[in-house]
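Let's take a walk through a protein fold together. Keep the picture open while you read, and follow along piece by piece.

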Amino acid sequence: MLDIENYVDGKLTAPVSGHFIDNFDPSRAEVYSRIPDSDERDVALAVDAARRAFPPWSSLASEDRFEQMMRIVRLIERDLDDLALAESIDNGKPVGLAKRVDIPRAAANFRFFATAQMHLANESHDTSGRAINYTLRQPLGVVGCISPWNLPLYLFTWKIAPALAAGCTVVAKPSEVTPMTAYLLSKLCIEAELPPGVLNIVHGTGPKTGSAIVSHPDVKAISFTGGTATGEWIAREAAPKFKKLSLELGGKNPNIIFADCDYESMLETTLLSSFSNQGEICLCGSRIFVERPLYDQFRTDFVERVKALKTGDPRADGSDLGAIVSKAHFEKILSYIDLAQAEGGTVLTGGRPVNVDGLNGWFIEPTVIEGLPFDCRTNQEEIFGPVVTIQPFDSEDEVLGYANSVRYGLASTVWTENLTRAHRVAARIEAGIVWINCWLLRDLRTPFGGVKDSGMGREGGFEALRFFTEEKNVCVRVSSQ
Ligand code: NAD
């Protein structure tokens, strides 16, 4: 059995305690490796290494930092197939999806921020001829990056890459549920000869390892992606220590479909926005609202297409959905399907676990539910699985009331060919991201993040680089007047 190791001070090491935790392949419901059960002693070693690595790393010329990061990009691209398979086994997602999306985007994260840091400019203000004020941005020091299980390498690198590019050194923790690609990344960093201590990866649980990163006095900022309840805990712990915080949290995203939409394009994309990665993407649209004249046609066609989706072995080509990431999450999703029925909903298709190819893994059929009011628990709480509800609406005001009724505000999708309405609705939706006639199209230069209980701070673009810096205003007097 493979024992995953921490990556501290440039070396792979076992945890100080010598204890390991089981790591499951969700499509087989089997333990296939173990991860370090790290505690505050491992985190302290990682922070020490990062502190020592900070002065040389932060003073590197930006071209040299670019070169160092690009070596990692090339190795990720070289190992794309192996990384995709590892991610599929670890997470349960179809290997084709990992090959097309997760791993290329992990490489793109490093490439984008390695390049962006060479173009970061600082503002200067001429104060009526009397002074020039300029903004100096200096890397914060040691920062903590904590990521979830749903897009393991993609979201891990989405945090690490801007931190390294900004000149910080990093102590990072992937989810204990999907540690494998972070472990493979640490091996690639060794091969790329990243200087020891610049990136440290400590594996373990949230309450033990994650909280030790958040609480460590020398960790100056926390970039966190995960659930809203965890984000609340981190905010409470970090606020009195005045750490910088970026929190990307849960969602309950609306998908609003007007009758004048481009029907075929909407239908095809709505299948993806509902069930990609088994619905385990924070940006999936789980509440589908359809304008009444289109509702019956949509209901018939959508259910027919959902029935045709193949839930299969994630390692096989041609599986549209793979396994749910863990037993606990599998049971949570099934409990929400029960709740939906108890609340009066009708399951139009799906709703049950499936035994795929005798694998005994944690699989759930893609599920469509109708007949629920917008304010019931099923329509208000994040399920984070292959479960969507559909509901008709009659007016723009009505659907915006439904869309904005939840505590979350991460992403949203609007389908209409009416240009004026598209912009009007986009401005009124309470969400950090609005996709009009598309979904999951990402430009890494744009701000990314949620409003309301979906988080605070924006990742992406120069904003992400600036997050990892301290801003200083320097005022130079240039005239005696
Ligand atoms: P989670 O909050 O349980 O865990 C996320 C990470 O935080 C893991 O690495 C975990 O070990 C760690 N953690 C847990 N408790 C901690 C603590 N007390 N201190 C420090 N770290 C701690 O979330 P999850 O179940 O892994 O991921 C699913 C959630 O992530 C969903 O709510 C989903 O919407 C959200 N998510 C949000 C985005 C976004 O960009 N907004 C993207 C992906 C996932």
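Two strands count as paired if DSSP finds at least two bridges between them. Keep that in mind for strand 1 and strand 5 (residues 30–36), which pair in the parallel sense over two bridges. One thing to know before going on: what you are looking at is a predicted model.

## The two domains

Start with the big picture. The domain assignment splits the chain into domain 1, covering 2–249 + 455–474, and domain 2, covering 253–436. So how far apart are the C-alpha centres of domain 1 and domain 2? They lie 31 Å apart. The two parts also touch: 24 residues of domain 1 are in contact with 28 residues of domain 2.

## A mixed sheet near the start of the numbering

Now back to strand 1 and strand 5. Together with strand 4 they make an open sheet of three strands, in the order 1-5-4, and the pairing is mixed. Strand 1 (2–3) and strand 4 (20–25) stand at the edges with a single partner strand each, so one side of each has no neighbour in the sheet. Between strand 1 and strand 5, look for Asp3, which stands opposite Arg34 in strand 5. Helix 3 (residues 80–91) packs on this sheet and touches strand 4 and strand 5. The direction of helix 3 makes about 100° with that of strand 4.

What about the other pairing? Strand 4 and strand 5 pair in the antiparallel sense, over six bridges. Here Phe24 stands opposite Val31 in strand 5. Strand 4 and strand 5 form a hairpin, with four residues between them. In its turn you'll find Ala29, which has a positive phi of about 50°.

## An antiparallel sheet

There's another open sheet of three strands to look at, in the order 6-7-25, and its pairing is antiparallel. Which strands stand at the edges? Strand 6 (124–127) and strand 25 (469–477) do, each with a single partner strand, so each has one side left without a neighbour in the sheet. If you ignore direction, neighbouring strands in this sheet are turned by 20° against each other on average.

Strand 7 (residues 131–139) pairs with strand 25 in the antiparallel sense over nine bridges. Two spots to find along strand 25 are Cys475, opposite Asn133, and Glu471, the bridge partner of Arg137. Strand 6 and strand 7 are also antiparallel, and they pair over four bridges. In that pairing, Ser124 has Tyr134 of strand 7 as its bridge partner. The hairpin of strand 6 and strand 7 has three residues between the strands, and in it Ser128 takes a positive phi near 50°.

## Helix 6 and its partners

Time for some helices. Two packed helices are described by the angle between their axes and the distance between the axes. Let's try that on helix 5 (residues 152–165) and helix 6 (residues 180–191): they pack at an angle of about 55°, with axes 8 Å apart. Helix 5 and helix 6 are therefore oblique to each other, and their crossing is right-handed. The contact uses Pro152, Leu153, Phe156 and Thr157 from helix 5, plus Thr181, Ala182 and Leu185 from helix 6. Sort the residues of this contact by class and you get five nonpolar, two polar and no charged.

Helix 6 also meets helix 3. How do these two cross? The axes of helix 3 and helix 6 come within 8 Å and cross at roughly 150°. Angles over 145 degrees count as roughly antiparallel, so helix 3 is roughly antiparallel to helix 6. On the helix 3 side, the contact is made by Leu83, Ala86, Glu87 and Asp90. Helix 6 brings Met180, Thr181, Leu184 and Leu188. By class, the contact of helix 3 with helix 6 has five nonpolar, one polar and two charged residues. Try spotting Thr181 in your picture: this residue is part of the contact with helix 5 and of the contact with helix 3.

Conventions
Residues are numbered from 1 along each chain as its sequence is written. This is a predicted model: local features need pLDDT of at least 70, side-chain atom pairs count only at pLDDT 80 or more; totals for chains, interfaces and linings use all residues. Side-chain values use heavy atoms; hydrogens and water are left out. Contact means heavy atoms within 4.5 Å. Axes are lines fitted to C-alpha atoms, for helices over the stretch in contact, and angles run from 0 to 180 degrees between N-to-C directions. Angles under 35 degrees count as roughly parallel, over 145 as roughly antiparallel, 65 to 115 as roughly perpendicular and the rest as oblique. A crossing is left-handed if the near helix is turned anticlockwise from the far one by less than a right angle, and right-handed if clockwise. Ala, Val, Leu, Ile, Met, Phe, Trp, Tyr, Cys and Pro count as nonpolar, Asp, Glu, Lys and Arg as charged, and the others, Gly among them, as polar. Domain bounds come from an automatic or database domain assignment.
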